[in-house]
Amino acid sequence: MGIELRNITKKFATYTALDNINLNINSGELIALLGPSGCGKTTLLRIIAGLELPNSGQILLDNKDTTNLPPRKKNVGFVFQHYALFRRLNVFENVAFGLKVLPWRERPSRSEIQKRVEHLLTLVQMEWAMKRYPSQLSGGQRQRVALARALAVNPKVLLLDEPFSALDAKVRQELRRWLRKLHEEIHVTSIFVTHDQEEALELADRIVVVNKGRIEQEGTPQEVYDQPANAFVYNFLGNVNVFHGRINKGKVTLGNHQFDAPEELKNLEEKPSQSFVRPHEIGISRIQSSDSDLLGTIREVRLLGGQIGLNLECEGLDLPIEAEIPREHYINLQLARGEKVYVTLNRVKVFTGDYEI
Amino acid sequence: MLKQTTQASPPVLKKRISDPRWVQILLIGLMLLFFTGFIFLPLALVFAQAFQKGWSFYLESIREPYAVEAIKLTLLTTAVVVPLNAVFGLSAAWAITKFNFAGKTALKSLLDLPFAVSPVIAGLIFVLLVGSRTPFGSWLGEHGIKIIFSTPGIIIATLFVTFPFVARELIPLMEAQGRDEEEAAVTLGARGWQIFGIITLPNIRLGLLYGMILCSARSIGEFGAVSVVSGHIRGQTNTIPLHVEILYSEYNFTASFAVASLLVFLALLTVVLKSSLEKQFQNNSLEH
């Protein structure tokens with residue numbers, strides 16, 4: 001079941017939540033809508049579900065225009081951030097709800113409903129809780145029941161609105177992997193909204209990065225991570241060091257330090273630029289390996305699980321640099337606070353324009 | 001490296017914040033004084049007066065035809081007003097909490113108007129609106145419909161005065177519950193009436209009952225507004241409170257208090273129902 005969004009625009013009283021969104025989603029894909037809070041990603045999801053109407057634009061499900069269909073006729077499953085389980089119904093009745101409200105000609109028989117609900121609850125590993133009420137379940141359990149409930153009506157599309165954000169880190173990670181596995185089993189076209197780049201990178205077939213009501217970039221996790229379209233995407237997909245400098249005739253100037261500009265920006269005349277480097281792509285060494293290395297002083301050392309975080313003050317740069325190196329490397333170099341090291345900036349991304357973080 | 005330095009806290013948690021003893025005693029004493037002066041004593045007096053001339057006189061006072069008519073009218077009014085206001089209140093609460101529309105805030109504050117306005121003024125409003133000297137009233141009169149000085153007027157006045165109870169009970173409840181469950185139901189294919197019957201109504205049923213109990217208590221006891229529109233016709237437009245007042249002004253104290261004791265019984269019944277519902281509320285919020 002493919003989804004096509006054409007020129008979707010949604011305005012609220014004082015601001016534009018979605019500005020001319022165009023997006024194609026292939027059948028069976030698992031898509032992440034990734035963006036900061038307030039960027040419009042949840043609104044987009046609610047529009048696809050029919051819970052909101054766009055001011056203009058069309059939504060096509062399987063090439064059929066469903067823009068103005070009421071939500072109950074759209075046949076989409078929706079999973080809410082705060083579960084939205086029916087508090088007066090037990091787990092079984094919650095999952096059976098979508099089947100029991102069908103017009104009687106389409107409604108499965110009692111025993112079929114029983115069978116289907118049991119099957120779904122087994123799928124989400126909640127079959128033991130059939131007679132429980134939502135309030136007797138943990139957050140992760142509730143969300144799994146909510147998922148079973150959404151799947152009960154055989155939705156053509158599954159929409160998940162920040163499904164794991166209300167859960168604690170450990171459960172979140174577990175459910176993430178579990179959802180990935182579930183998607184491989186049932187292959188229903190799914191869109192999930194998240195502000196967590198790790199979640200998007202780990203789960204999605206394709207990531208759509210949204211900011212201020214617009215799509216900044218779409219692509220596989222690899223593409224988005226390795227070839228970010230702009231400074232926003234690069235910054236949003238992980239920790240970064242930002243250097244504000246100038247670009248001129250193939251050279252980027254940072255403080256009193258210069259290096260070659262990337263190929264596509266070679267011909268630019270004098271312009272402000274931002275250069276980005278990810279902390280884990282910074283090389284730390286005792287010996288200078290090239291002229292472009294910077295001399296830095298270690299100001300702070302932090303333990304980050306398997307990695308060591310270094311805060312470095314570099315000659316010629318006004319802002320400190322954050323670097324992450326493997327713990328082993330750190331031990332081999334016998335580094336400590338206050339020592340001087342050579343800093344190599346690998347895979348520097350240079351963007352021009354006046355983007356601000 | 002980390003040593004277990006903190007000991008487990010003692011099993012009995014002593015309350016750190018507690019008012020001094022004399023403050024507690026003073027407050028409890030004041031409250032008891034108030035309750036004695038304004039509730040226990042008057043209550044005792046009502047019954048003492050009511051039974052002053054004995055059990056048989058008491059029974060006679062409440063079985064006398066005019067009293068019976070007043071009781072019937074009060075029960076009829078309540079039976080009409082409470083369901084109607086349950087429906088109105090539910091619609092108002094539904095509209096205010098589930099939709100967005102212009103003038104929503106204004107509507108929400110207007111809901112309190114019947115509480116803010118003196119009941120006598122409320123009664124007068126209806127006399128001015130549909131009294132026999134007004135164009136609308138005389139038009140109704142020509143068609144044989146009498147509102148003021150008859151039962152419809154009493155019902156309308158009571159409707160107005162008791163309108164806010166259900167809505168005021170439901171609005172905070174429905175606001176706290178949000179629209180999530182309804183939205184989930186609609187994406188699962190449910191129709192409006194199914195959502196209302198299976199999801200919304202069960203979620204608010206205790207609040208609704210609570211509002212209806214308060215509404216009945218007020219409709220039974222309403223005096224001011226009803227007094228203006230009723231015309232005090234014995235055996236026809238007298239409700240229990242009006243009947244009590246008439247007996248009292250005729251110096252028939254014992255009969256007056258006998259009938260008044262019925263109102264006290266109804267009030268006590270309301271309080272009991274109300275507190276048992278409150279207990280259920282608590283159990284419910286604990287369980288679900």
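Me: What makes up the secondary structure of chain B, helices or strands, and how many of each?

Reply: Good place to start, and bear in mind that this is a predicted model. The secondary structure of chain B amounts to 14 helices and zero strands. Read from the N terminus, the order of its elements is α-α-α-α-α-α-α-α-α-α-α-α-α-α.

Me: How do you judge chain B against a compact globule of 288 residues?

Reply: By setting two values side by side: such a globule would have a radius of gyration near 19 Å, but chain B has 25 Å. The spans of its C-alpha trace along the principal axes go with this, at about 95 × 55 × 30 Å.

Me: Now for helix packing. What do you need to describe two packed helices?

Reply: Two values will do: the angle between the axes of the helices and the distance between those axes.

Me: Then why are α2(A) and α4(A) called roughly parallel?

Reply: Helix α2 (residues 91–100) of chain A packs against helix α4 (residues 139–152) of chain A at an angle of about 25°, and their axes are 7 Å apart. Angles under 35 degrees count as roughly parallel, and α2(A) and α4(A) are therefore put in that class. Their crossing is right-handed.

Me: Which residues make the contact of α2(A) with α4(A)?

Reply: From α2(A) come Val91(A), Asn94(A), Val95(A), Phe97(A), Gly98(A) and Leu99(A), while α4(A) brings Val145(A), Ala148(A), Arg149(A) and Ala152(A). Sorted by class, this contact holds seven nonpolar, two polar and one charged residues.

Me: And what makes α3(A) oblique to α4(A)?

Reply: Look at the angle again: the axes of helix α3 (residues 110–123) of chain A and α4(A) cross at roughly 140° and come within 9 Å. Roughly antiparallel would take an angle over 145 degrees, and roughly perpendicular runs from 65 to 115. The angle fits neither of these, so α3(A) is oblique to α4(A). This crossing is also right-handed.

Me: What is the make-up of the contact of α3(A) with α4(A)?

Reply: On the α3(A) side are Arg116(A), Val117(A), Leu120(A), Leu121(A) and Leu123(A), and on the α4(A) side Ala148(A), Leu151(A) and Ala152(A). These divide into seven nonpolar, no polar and one charged.

Me: Back in chain B, how do α3(B) and α11(B) cross, left-handed or right-handed?

Reply: The crossing is right-handed. The axes of helix α3 (residues 65–98) of chain B and α11(B) cross at roughly 145° and come within 9 Å. Among the residues that meet are Thr74(B), Val81(B) and Leu90(B) in α3(B), with Leu208(B), Met212(B) and Ile220(B) among those in α11(B). By class, eight nonpolar, eight polar and no charged residues form this contact.

Me: Which residues count where chain B touches chain A, and how many are there on each side?

Reply: Chain B supplies 17 residues and chain A 19 residues. On the chain B side, the elements that give two or more residues are α10 (180–187) and α11 (192–221). With seven residues, α10(B) gives the most. The chain B side divides into seven nonpolar, five polar and five charged residues.

Me: Last one: what are the domains of chain A, and how many of their residues are in contact?

Reply: Chain A is divided into domain 1 (3–236) and domain 2 (241–352). Their C-alpha centres lie 40 Å apart. In the contact, five residues of domain 1 meet four residues of domain 2. The domain 1 side has three nonpolar, two polar and no charged residues.

Key: Residues are numbered from 1 along each chain as its sequence is written. Chains are lettered from A and ligands numbered from 1 in the order in which they are written. This is a predicted model: local features need pLDDT of at least 70, side-chain atom pairs count only at pLDDT 80 or more; totals for chains, interfaces and linings use all residues. Two residues are in contact if their C-beta atoms, placed from the backbone, lie within 7 Å. Helices (H or I, at least four residues) and strands (E, at least two) are DSSP runs, numbered from the N terminus. Ala, Val, Leu, Ile, Met, Phe, Trp, Tyr, Cys and Pro count as nonpolar, Asp, Glu, Lys and Arg as charged, and the others, Gly among them, as polar. Domain bounds come from an automatic or database domain assignment. Axes are lines fitted to C-alpha atoms, for helices over the stretch in contact, and angles run from 0 to 180 degrees between N-to-C directions. A crossing is left-handed if the near helix is turned anticlockwise from the far one by less than a right angle, and right-handed if clockwise. The radius of gyration is taken over C-alpha atoms; the globule rule is 2.2 Å times the number of residues to the power 0.38.
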